Every structure is written in structure tokens, then in C-alpha cells.
Amino acid sequence: MKIKNELCEVLASDNIYEESVENFDILTEKMNDDFIPYRIEQNVMMWLNEKGIIGEIECIFPMQIDEKISLVESKNSETKDGFPLIDIERPIEVPIVKVFKNKEYFILYFSELEMYDKKIKSKNLSFYAKGDELIAIKAEIS
């Protein structure tokens, strides 16, 4: 999954874990009925608009891992406020999405890559990328 650009604004989101149905949900303030659903993986859907803004990511019974995968910051990394735009002209599917959770947050891992060179902060979401590849999203639980 590739990032094509970034918004220079931060967006609010509700990040919810529903234990009874093993559901992880990220719902941004931009979500509306015009967003288009994309299947990212067997148990993961993502709703995007025509610009690539994420409206929602829903994971139902995703593959959960017991130990957090430590993401490593590369030497020349950058951290900025904003919100990534997903490139909808390129394939969005990923082979597997892994999820780590604790009481304060959950992390969606979209890649086997562990080193990132860009971190984009948007209120209670952190997006980690290597080049233009989105490798993980950390969502602080609402």
C-alpha cells in the first residue's frame, strides 16, 4: 500500500476495539457515504475517497500477535503532523495484516518492514512509512 502525498492538516478519529467480536476500527472525521470500500486483506476493509483520504479501516477477526513488532526509526527519518493520502491508482491489497493490541492502543502492520523513515502524526493516529510504502498505523484507543 503506497502513500502518494500528505494533507497538511491533522484529522480526528475514533479508534475502537470491540473485544466481543474481535473488531478493530479506525473511523476518521472525513468518513461519509461517498467513500469507496476496498478489501485490503481477507479480514480488513478500508474506505477511501477519490483523493485517497482514509475514512475508515475495519478489521474483523484479524491475525493478532502477542508481542509488539518494534518499528525502528532510520537515521535520516522525518516526523511531521498531517495525514497520508493513499495512492488508489496502485494496488492497495496486502498479503496479511497483523494486529498488536494493549489497553492504550493497537497497531496495524501492513508490511514485514520494520524500519521506517517517515512518521506522520494526526492527533491519535501515527502512520509509519518506508519511502512511499505505508508499513503500520498506531491507533490510540478512544
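**Notes on a predicted model: hairpins, a buried serine and an open sheet**

1. A good place to begin is the turn between β12 and β13: this hairpin has 2 residues between the strands, and K123 takes a positive phi near 55 degrees there. Please keep in mind while reading that the model is predicted. The two strands flanking the turn pair in the antiparallel sense, with 5 bridges between β12 and β13. One of the pairs links I120 to F127, its bridge partner in β13.

2. Moving along the chain, β13 covers residues 125–130, and 5 of its 6 residues are buried, which leaves the strand mostly covered. Its pairing continues with β14 (residues 133–140), to which β13 is joined by 6 bridges in an antiparallel arrangement. Within that pairing, S126 stands opposite K138 in β14. The hairpin of β13 and β14 also has 2 residues between the strands, and here G131 takes a positive phi near 65 degrees.

3. S122 deserves a look of its own. This serine belongs to β12, the strand made of residues 115–122. Is S122 buried or exposed? S122 counts as buried, because its relative accessibility is 0% and the cut-off for buried is under 20%.

4. What surrounds that side chain? Leaving aside residues up to four places away in sequence, S122 touches V10, L11, G82, F83 and F127. Two of these neighbours also offer backbone atoms to a polar atom of the S122 side chain: the backbone nitrogen of L11 lies 2.7 Å away, and the backbone oxygen of G82 lies 3.2 Å away. F127 ties this point back to the first one, being both a contact of S122 and the bridge partner of I120.

5. Now to the open sheet of 5 strands, whose order is β2-β3-β6-β5-β4 with antiparallel pairing. β2 (13–18) and β4 (36–41) each have a single partner strand and stand at the edges, so one side of each has no neighbour in the sheet. On average, neighbouring strands here are turned by 15 degrees against each other, direction ignored. As general background, strands of a sheet pair through backbone hydrogen bonds, either parallel or antiparallel.

6. Which strand does β4 pair with, and over how many bridges? β4 is joined to β5 (residues 44–48) by 5 bridges, and the two run antiparallel. If you would like a residue pair to display, try I36, whose bridge partner in β5 is L48.

Terms used. Residues are numbered from 1 along each chain as its sequence is written. This is a predicted model: local features need pLDDT of at least 70, side-chain atom pairs count only at pLDDT 80 or more; totals for chains, interfaces and linings use all residues. Side-chain values use heavy atoms; hydrogens and water are left out. Two strands pair if DSSP finds at least two bridges between them. Helices (H or I, at least four residues) and strands (E, at least two) are DSSP runs, numbered from the N terminus. Axes are lines fitted to C-alpha atoms, for helices over the stretch in contact, and angles run from 0 to 180 degrees between N-to-C directions. Buried means under 20% relative accessible area, exposed over 50%, partly exposed in between (1.4 Å probe, protein chains only). A polar contact is a pair of N or O atoms within 3.5 Å; within protein, one must be able to donate a hydrogen and the other to accept it, and residues adjacent in sequence count only if both atoms are side-chain atoms. Contact means heavy atoms within 4.5 Å.
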